[in-house]
Amino acid sequence: MSTSEIVVLWLSRHPVLPAQMEELRRKLGNISIVHYNKNVASAEEVVELAKKYNAKIVIPILPLSFLAKLAEEARKNSLIVLLSKMNTVKTTKDLREATRLIDEAPDKRAVSTMADGTLKVVEFQKFEKLIAVEVI
């Protein structure tokens with residue numbers, strides 16, 4: 001890793017999609033991704049992981065309640081948190097249909113399996129900077 005690389009901590013079960021990587025490189029330049037696909041227990045743990053890997057940017061796929069605390073901890077520790085904006089293409093129970101939809105745009109689409117077995121096909125749109133989470 002060269003000293004000019006920006007380290008990005010990617011917290012997700014899913015790997016970075018090619019379209020996401022392209023967008024990060026376009027916005028940030030020379031980057032190195034650290035993919036962490038294990039569960040995290042707290043926002044403080046995320047900050048410790050970022051420090052461990054010398055990451056300046058964190059991209060988490062985490063619940064909203066977790067993101068609220070992470071926004072606060074990131075601000076205290078001079079970390080940038082980016083959210084990957086994904087639009088739902090289709091929700092289906094048919095694996096063949098989900099696979100076909102992903103095959104139409106494999107560089108920017110992924111599938112998540114819901115608790116009831118439903119498949120949710122999503123498509124990457126853009127990254128957004130997390131400033132704060134406000135529940136109204």
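# A walk through the sheet, its helices and its pocket

Serine 78 sits in the loop between H3 and E4. This is a predicted model. Start at this loop, and look at the backbone of serine 78. Its phi is positive, about 55°, although serine 78 is not a glycine. Most residues other than glycine have a negative phi. Is serine 78 exposed or buried? Its relative accessibility is 64%, so serine 78 counts as exposed, the cut-off being over 50%.

From this loop the chain leads into strand E4, and E4 leads to the sheet. The sheet is open and has 6 strands. Read across, their order is E2-E1-E3-E4-E6-E5. The pairing is mixed. In general, strands of a sheet pair through backbone hydrogen bonds, and they do so either parallel or antiparallel. Which strands stand at the edges? They are E2, residues 31-36, and E5, residues 109-113. Each has a single partner strand, so one side of each is left without a neighbour in the sheet. From one strand to the next, the twist averages 30°.

Now follow E4 to its partner E6. E4 covers residues 80-92, and E6 covers residues 119-129. The two run antiparallel and are joined by 10 bridges. Threonine 91 gives a point to find on the model: it stands opposite lysine 120 in E6.

E6 also pairs with E5. This pairing is antiparallel too, over 5 bridges. Here threonine 113 has leucine 119 in E6 as its bridge partner. E5 and E6 form a hairpin, with 5 residues between them. In the turn, glycine 117 has a positive phi of about 90°.

Next come the helices. Helix H1 spans residues 18-28. Which of its residues are buried? They are Ala19, Gln20, Met21, Glu23 and Leu24. These buried residues pack against E1, E2, E3, E4 and E6. Just after H1 comes glycine 29, with a positive phi of about 85°.

Helix H2, residues 43-52, packs on the sheet. It touches E1 (6-11), E2 and E3 (57-60). The direction of H2 makes about 145° with that of E1.

Helix H4 takes in residues 95-104. It lies across E4, E5 and E6. Relative to E5, H4 runs at about 155°. The loop between E4 and H4 holds aspartate 94. With 33% relative accessibility, aspartate 94 counts as partly exposed. Along the chain, aspartate 94 and histidine 14 are 80 residues apart. Their C-alpha atoms are separated by 20 Å.

Return now to the loop between H2 and E3. Asparagine 54 has its place there. Its phi is near 60°, a positive value in a residue other than glycine. Is asparagine 54 buried, partly exposed or exposed? Its relative accessibility is 46%, so it counts as partly exposed.

Lysine 56 is found in the loop between H2 and E3 as well. Its relative accessible area is 47%, so lysine 56 is partly exposed. What does lysine 56 touch, once its neighbours within four places in sequence are left aside? Its contacts are Val7, Leu79 and Ile80. Take isoleucine 80, which is 24 residues from lysine 56 along the chain. Between their C-alpha atoms there are 6.3 Å.

Last, turn to the largest pocket. How much space lies in it? The volume is about 710 Å³. The lining of this pocket comprises 29 residues. Nearest its centre lie Ser12, His14, Pro60, Ile61 and Leu62. Several elements share in the lining: E1, H3 (64-76), E4, E5 and E6 each supply at least two residues. Which of them gives the most? E4 does, with 4 residues. By class, the lining has 18 nonpolar, 8 polar and 3 charged residues.

Two threads run through this tour. One is E4: it is joined to E6 by 10 bridges, H4 lies across it, and it gives the most to the lining of the largest pocket. The other is His14. It lies among the residues nearest the centre of that pocket, and its C-alpha atom is 20 Å from that of aspartate 94.

Definitions and conventions
Residues are numbered from 1 along each chain as its sequence is written. This is a predicted model: local features need pLDDT of at least 70, side-chain atom pairs count only at pLDDT 80 or more; totals for chains, interfaces and linings use all residues. Side-chain values use heavy atoms; hydrogens and water are left out. Two strands pair if DSSP finds at least two bridges between them. Axes are lines fitted to C-alpha atoms, for helices over the stretch in contact, and angles run from 0 to 180 degrees between N-to-C directions. Contact means heavy atoms within 4.5 Å. Buried means under 20% relative accessible area, exposed over 50%, partly exposed in between (1.4 Å probe, protein chains only). On a 1 Å grid over the protein atoms alone, a cavity is a set of points where a 1.4 Å probe fits but cannot get out, and a pocket is an open set with protein on both sides within 12 Å along at least five of seven lines; lining residues have an atom within 4 Å of a point. Grid points are joined across faces, edges and corners, and a volume is the space filled by probe spheres set on the points. Ala, Val, Leu, Ile, Met, Phe, Trp, Tyr, Cys and Pro count as nonpolar, Asp, Glu, Lys and Arg as charged, and the others, Gly among them, as polar.
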